[in-house]
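Please find below a short note on selected features of the structure, set out as numbered points for discussion.

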Amino acid sequence: MMNVSLFKCHGLFLPFIKHCPYINISHVNRRCVISDMWMRRDFGTKASQQDSLDMSKFPVERIRNFSIIAHIDHGKSTLADRLLEMTGAIAKTANNKQVLDKLQVERERGITVKAQTASLFYHHEGQTYLLNLIDTPGHVDFSYEVSRSISACQGVLLIVDANQGIQAQTVANFYLAFEAQLTIIPVINKIDLKNADPERVEKQIEKVFDIPQEECIRISAKLGTNVDQVLQAVVKRIPPPSAGVDEAFKALVFDSTFDHYRGVVASVALFGGRVSRGDKIISAHLGKTYEVNELGILRPDEHPTETLYAGQVGYVIAGMKEVKEAQVGDTLYLQKQPVEALPGFKPAKAMVFAGMYPVDQSEYSGLHSAVEKLTLNDSSVSVQRDSSIALGAGWRLGFLGLLHMEVFNQRLEQEYNASVIITAPTVPYKAVLSSAKLIKEHGTETITIINPTQFPERSQVTEYLEPMVMGTIIAPDDFTGKIMSLCQNRRGVQKNMFYIDDHRLIMKYIFPLNEIVVDFYDELKSMSSGYASFDYEDAGYESAELIKIDFLLNGRPVEELTTIVHKERAYSAGKAMCERLKESIPRQMFEIAIQAAVGSKIIARETIKAYRKNVLAKCYGGDITRKMKLLKKQAEGKKKMRRIGNIDVPKEAFINVLKRK
Amino acid sequence: MKLICRYLLKQHLSRCKRTLIGDILVRSVATFLPTHADEASLYVHWPYCLKRCSYCNFNKYIPRSQNHNVMTECLQKETRTLLKLSQISRISSVFFGGGTPSLAQPSTIAAVLETVSKHAHVSGDAEVTLEVNPTPAGKASLRDFTLAGVNRFSIGIQSLNDDHLRTLGRDHNSQHALQTVSEARMLCPGRVSVDVMFALPGQSVKSWEDELKKLLQVCDDHVSLYQLTLERGTRLFKQVERGELSVPGDDGAAVMYKSARKVLEQAGFLQYEVSNFSKNNAVSQHNVGYWRAQQYIGVGPGAHGRFVPRAVGGDQREARTQALEPDVWIREVQSQGHGTRRRIQLDHHGLLEEVMVMGLRMNEGISQQQWKLFSPEADLYQIFGMSDNIQELLAEGLLIVDDRGLRCSWEGLALLDSILPTLLLELEKFLQSRCIIKTRINNSKTDMIQRDR
């Protein structure tokens, strides 16, 4: 109840903020304009009614738990908005746009990063059903979020754009749902568009997913056309969760957020039994006991209830102080009724690593706390302290993919007003050690190399391994030739290729992750005029001829520039880096040789010629103030430069070279 | 009245400061030198030009009308005020710069010089230089300027190539330049300097060398060489940025500089400063004064000065700047006797920095004796002798430290701006190690805007 009173005195909707504690106030204000309209209705007129919500009214057979999965921009969030409106969760206005996407980055990029849950009350054939919509991120980088969400569901709505048809992420998301043995309801969206061709899309769906055309529902989420059919299908086709209210309480934590005031807010799906306020519960992972302080359903804001029952989805606050205490995938059960833990999830695996440093070292501690707060709600980011002589103290962060990295960076900037230097991303290589001494040192035979400077020498390893991905490309066949040569250039190996309709192809390639991590998608997009879509999934590790390139300035190695590349790439990578260094290091009084070296062999070289003249012509009219200022600035700058041998390298040079372009 | 109060307050403060820092320090660190304390040079700025040159970002104004009488009065008044303020009793040289000071009436020059002599001693052979724009009109008034007291001309011929002169937006051609130089030489034999620019748009090393040779046939005993610098906001800068013109690159300019040094040397000129060459010891006394960090008074809009305001109890040198805009400057001079807009006190460290930055521009560098005048507490060996960074410069043959003093080698002079930051850091390090630099916190950055608003 504290929430409500706070809410009233500020005129802001506080539970909403609490749900997203990482949003700073300015964003909240902006967003409240959007949220206010429906929140007010919910809270103002129905508050008392909602507070006494009796969830026992919803037995398992009248519960449906489902997700919406789709390729980016196929209209997932718009459909969610409509579903919320039609079931009265939010008022029907023209302003409901991406209601579930609360983060600024989500709204700006039109993507969903963080899964959200909304419980909908749907009246169907004289009965009220509880439909739990678990919104999921669309992008491959966030597919672990998708799989988490899916685990709490029995069915999914697979949205496909009636114009674009099946795209790479449609395929990836389909398989996630398919493997989880969920009911899949194909929904063809945007039928109102001029170029919509739902029939073609239905054929694609039948061909690729083996789902009969008749099962597709054609809708326009934007206009609301046929959306009621979707709701009916959810009730009719998706089975209720198989959970008994008389069983022991058992809940899966499928998401968690951190609230500064109340601690961890865990999103849970009840696989059995019931749980009430005041119950003593245990988290299977840590075995710690907590008392349930608050629980309820999300509509999508928090609505406290007394009890949650089997099959239902909601939130639980139980005095957990750290996100670690409510690990995603963990099982909660009653202290007095121990149960076997649910299978849980594989932890999210970082696929891309990058160094992150404050632009100014004085901002380190501020940035540190921002990173900490952000990772509280995004446990998929791995954080390791790191330091570079040039860039100072920072971190080596592991991300699920490039978009994930960009989103993280953007959130730091937008939500914490932090400015950071992100270095070029690298992938986690592995080395199988042969040297007994090293094996002993590391305590293991296979080591993961996150930092290139720790790359063990060839003589000490049996083999190097690089992470691979299975890439899915869907594109019109006009671009097949171009795409194939692009893939070949990226060391891709074709695994499969077939038509999904008259002129669209699906291509499957095994790629080294490193080859696609930086600019592959951009290149693919531009060569296909934006028609190709791409997605990838982890495909383990493969043996690879990897080598370490060192960069030398006048013969002295510069540690932070050390790079690991595939042997085939050594010359081009070495040359490119030398060129960038040449552009970034100012001329000095002597010649500077920039070299790329593999072992003792120099593979690329650039020269920065010595200054032959550097002196100002004239100090006019006795005005030396300006000149003095300039010189003193240079002297100050010199202090901050990294000195390698006799060469002064400004920090900006490292930033330019290391930064992603 | 307020102003006086402020001066008194300042006097009081500086006394307090002295006790704060400790008498010993102040006595040993002579920022307010007794040597030549009453001597300075005088710079007079004439801010007007007839037209705007395409490369110039200077403090100059193209006037619709100008009142010579008012300017004359104000220049005189400010000269008087600042001479009194500084208690300078001897003026070693006078330099009329601009703008285009040859557009001033000879009577204005005469009036200013008269004021100077009235309030300070000016020896009969003191150098009095006037910058001249080599137009027919400029040439015509040279004689009158000599009658007014000018005894040295600095002629901005810039180039002897008419295409270049057009690109630069000059209002003279090479013929005018030659005529003006010859007239000036006749009037002031041995005391005529020419300014020429290199690294001009479209200029080749060959054409530059040819031009220099042509110049050597007509010039007197002093040549100043300037590399064209593209200043933001100028027309030329935009033209180059848009690709309409292209200037020689760094290396091209370096070759031009080097070849000019050689050509001039072969012609019997001694390079005595980065940009200045002389024969028969016809150096610019006035400019040498700047490079030896002597005091100077700046009069006129936007003029800079460096002197100790002794009349108000000042004991530290100040870097002073006059109001930039002529109209504003005139108003201020009329209302309070001078148009000083900015005063920054130079502390010991700041002064030593200037001594070094200016001194090293000369081929003779800074002598041990000269340095001692400003830094009695530590000689050049003590400050620069130990450091590895300096050793590197010495080893590379760019810099020389010996009993004579500190100076650049021939190669080093061309790289001075790369050398200076290292020296400035060493100086700072040294002063910090002696705890002298602490004085900076107390004294400097007292940037006072004098005007009441």
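The points below concern a predicted model and take up a helix pair, a single helix and a loop residue in turn.

1. The helix pair in chain A is formed by H13 (residues 480-489) and H15 (residues 520-527), whose axes lie 10 Å apart and meet at an angle of about 160°. Because angles over 145 degrees count as roughly antiparallel, H13(A) is described as roughly antiparallel to H15(A). The crossing of these two helices, H13(A) and H15(A), is right-handed.

2. The contact between them involves A:Lys482, A:Ile483, A:Leu486 and A:Cys487 on the H13(A) side, and A:Phe520, A:Glu523, A:Leu524 and A:Met527 on the H15(A) side. Sorted by class, the contact of H13(A) with H15(A) comprises 6 nonpolar and 2 charged residues, with no polar ones.

3. In chain B, helix H19 (residues 416-433) contains 18 residues. From first to last C-alpha, H19(B) reaches 25 Å, which is close to the 26 Å expected at 1.5 Å a residue. Helix H19(B) is mostly covered, with 15 of its 18 residues buried. B:Cys435 follows H19(B) and has a positive phi, near 60°.

4. A:Lys57 belongs to the loop between helix H3 (25-51) and strand E1 (63-70) of chain A. Is this residue, A:Lys57, buried or partly exposed? Its relative accessible area is 48%, and since exposed requires over 50% and buried under 20%, A:Lys57 is classed as partly exposed.

5. A:Lys57 and A:Thr128 stand 71 residues apart along the chain, and their C-alpha atoms are separated by 8.8 Å.

Conventions: Residues are numbered from 1 along each chain as its sequence is written. Chains are lettered from A and ligands numbered from 1 in the order in which they are written. This is a predicted model: local features need pLDDT of at least 70, side-chain atom pairs count only at pLDDT 80 or more; totals for chains, interfaces and linings use all residues. Side-chain values use heavy atoms; hydrogens and water are left out. Axes are lines fitted to C-alpha atoms, for helices over the stretch in contact, and angles run from 0 to 180 degrees between N-to-C directions. Helices (H or I, at least four residues) and strands (E, at least two) are DSSP runs, numbered from the N terminus. Angles under 35 degrees count as roughly parallel, over 145 as roughly antiparallel, 65 to 115 as roughly perpendicular and the rest as oblique. A crossing is left-handed if the near helix is turned anticlockwise from the far one by less than a right angle, and right-handed if clockwise. Contact means heavy atoms within 4.5 Å. Ala, Val, Leu, Ile, Met, Phe, Trp, Tyr, Cys and Pro count as nonpolar, Asp, Glu, Lys and Arg as charged, and the others, Gly among them, as polar. The expected span of a helix is 1.5 Å times one less than its number of residues. Buried means under 20% relative accessible area, exposed over 50%, partly exposed in between (1.4 Å probe, protein chains only).
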